[in-house]
Amino acid sequence: MVLEGLDGFQHFFATLLRCCGIDLYKPRCGLEDPERLARETIFSVSEIEALYELFKKISSGVVDDDLINKEEFQLALFRTNRRESLFADRVFDLFDTKHIGVLGFEEFARGLSVFHPNAPIEQKIDFSFKLYDLKQQGFIEREQVKQMVVATLAETGMNLADSIIEEIITKTFAETDTKQDGKIDKEEWRNLVLRHPSLLKNMTLQYLQEITITFPSFVFHSQVDDT
C-alpha cells in the first residue's frame with residue numbers, strides 16, 4: 001500500500017517528458033564525466049545526459065542552485081508542498097546519501113537508478129525494505145508499518161477504520177514474520193516480495209528507459225558515445 005505512493009513518480013515523468021520548456025541545445029555545464037556515472041548506475045550515457053536536463057528543471061523550481069532541496073523534490077515528484085509528508089521524506093532521505101538536506105545530480109541519478117526497468121530486483125527489494133525501516137535498525141516493526149500506512153492513506157485522501165488497518169497489518173505479519181519475533185527482517189521481506197511481486201510494481205518507471213526515445217536529440221547531440 002505504501003509503495004503505491006510511488007505512482008507520483010509515474011505522474012512526474014509523464015508530465016515532465018511532455019514539457020517543451022527544455023532547451024535541448026543548451027550547453028551541459030555542470031555535468032561531469034557521464035561515462036563514469038553510467039558505469040556506476042543502470043543508465044546509459046545518453047540516459048544520464050537526458051536525466052541531467054530533468055534534474056536542472058527540478059533544481060530550479062524554488063531556488064536555482066543546481067541542487068534539489070526537499071521542497072523541490074516534493075513539488076516535482078509528489079505534486080505537493082506539504083511540509084509533513086512521511087513518504088516523501090523517506091524517499092528523499094534514501095536519495096540523500098550524504099545526509100546534507102539537498103540532492104546533487106549524482107545522488108538524484110543513483111536514487112532513480114533503482115527505478116529503472118533494468119535495475120536488479122535485489123536493488124528494488126532493498127530500497128522498498130528501507131522505506132519501511134523508519135529507524136534504520138535493519139528490521140521493520142509493526143508500529144512502523146502502521147505509521148507508513150496511516151501516513152500514506154492520509155496523504156492520498158483515503159480513510160480506513162483503524163480496525164481494518166490493524167487487520168491488514170496482522171495478516172501481513174502472520175504471513176511474513178516466519179521467525180515469530182514480532183518484526184520483519186530483510187530476509188523475511190525478500191521472501192514476501194518474491195511471493196507477491198506486485199509489491200514492487202511501482203518500483204519500476206518505464207519512462208526512465210524511454211527518456212532518450214522521447215528526446216531523440218539527446219542521442220544525436222550526446223557528448224559521449226554509449227559504447
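**Close-up views of a predicted model**

**View 1. Segments of low confidence and the confidence of the whole chain.** Over residues 215-225 the pLDDT stays under 50, and for this segment the model has 26 contacts beyond four places in sequence. Residues 20-29 are a further segment in which pLDDT stays under 50, here with 20 contacts beyond four places in sequence. Because the structure is a predicted model, local features are described where pLDDT is at least 70, a level reached by 76% of the residues, while the average pLDDT of the protein is 80.

**View 2. The protein as a whole.** The secondary structure of this predicted model comes to 12 helices and four strands. Of the 227 residues, 47% count as buried, and the accessible surface comes to about 11600 Å², of which 52% belongs to carbon and sulfur atoms. Among contacts between residues at least 6 apart in sequence, 65% join residues at least 24 apart.

**View 3. The largest nonpolar core and helix H6.** The largest nonpolar core has 49 residues, and those with the most contacts inside it are Leu51, Phe105, Phe115 and Trp189. Helix H3, which spans residues 45-59, provides the largest share of this core, namely eight residues. In soluble globular proteins, nonpolar side chains tend to be buried together. Helix H6, which covers residues 105-113, is mostly covered, with seven of its nine residues buried. The buried residues of H6 are Phe105, Glu107, Phe108, Ala109, Gly111, Leu112 and Ser113, and Phe105 is also among the residues with the most contacts inside the largest nonpolar core.

**View 4. The surroundings of Phe129 and Trp189.** Phe129 has its place in helix H7 and, at 4% relative accessibility, counts as buried. When its neighbours within four places in sequence are left aside, Phe129 is in contact with Gly138, Phe139, Ile140, Ile184, Asp185, Lys186 and Trp189. One of these partners, Phe139, lies 10 residues from Phe129 along the chain, and the C-alpha atoms of the two are separated by 8.4 Å. Trp189, for its part, touches Ile125, Ser128, Phe129, Tyr132, Ile140, Thr176 and Ile184, not counting residues up to four places away in sequence. Ile140 and Ile184 thus appear among the contacts of Phe129 and also among those of Trp189.

**View 5. A salt bridge within helix H7.** Lys130 forms a salt bridge with Asp126, and the closest N and O atoms of the pair are 3.1 Å apart. Both residues lie in helix H7, which runs over residues 121-132, and they are four residues apart, or about one turn of the helix. Lys130 is partly exposed, with a relative accessible area of 37%, and Asp126 likewise counts as partly exposed, at 24% relative accessibility.

**View 6. Salt bridges between helices H8 and H9.** Arg142 forms a salt bridge with Glu166, in which the closest N and O atoms are 2.7 Å apart. Arg142 lies in helix H8 (residues 142-156) and Glu166 in helix H9 (residues 162-176), so this pair ties together parts that are 24 residues apart in sequence. Arg142 counts as partly exposed at 31% relative accessibility, and Glu166 is also partly exposed, with a relative accessible area of 24%. Another salt bridge is formed by Lys146 and Asp162, whose closest N and O atoms are 2.9 Å apart. Here Lys146 lies in helix H8 and Asp162 in helix H9, so the pair ties together parts that are 16 residues apart in sequence. Lys146 is buried, with a relative accessible area of 16%, whereas Asp162 is partly exposed, with a relative accessible area of 43%.

**View 7. A network of linked salt bridges.** Asp33, Arg36, Glu40, Glu106 and Arg110 are joined into one network by salt bridges that share partners. A search of the whole structure finds 19 salt bridges.

**View 8. A nonpolar patch on the surface.** Val62, Val63 and Leu75 form a nonpolar patch on the surface, and together they have about 200 Å² of accessible area. Leu75 is found in helix H4, which comprises residues 70-78, and at 33% relative accessibility this residue counts as partly exposed.

Definitions and conventions
Residues numbered from 1 in each chain as written. Heavy atoms only, no water. Salt bridge = Lys/Arg side-chain N within 4 Å of Asp/Glu carboxyl O. Helix = DSSP H or I, 4+ residues; strand = E, 2+ residues; numbered from the N terminus. Buried < 20%, exposed > 50% of the residue type's maximum accessible area, 1.4 Å probe, protein only. Patch = residues over 30% accessible without salt bridge, like charges linked within 9 Å, V, L, I, M, F, W, Y side chains within 5 Å. Areas by Shrake-Rupley, 256 points an atom, 1.4 Å probe, with all protein chains shown as cover. Contact = heavy atoms within 4.5 Å. Core = buried A, V, L, I, M, F, W, Y, C linked by side-chain atoms within 4.5 Å. pLDDT = per-residue confidence, 0-100.
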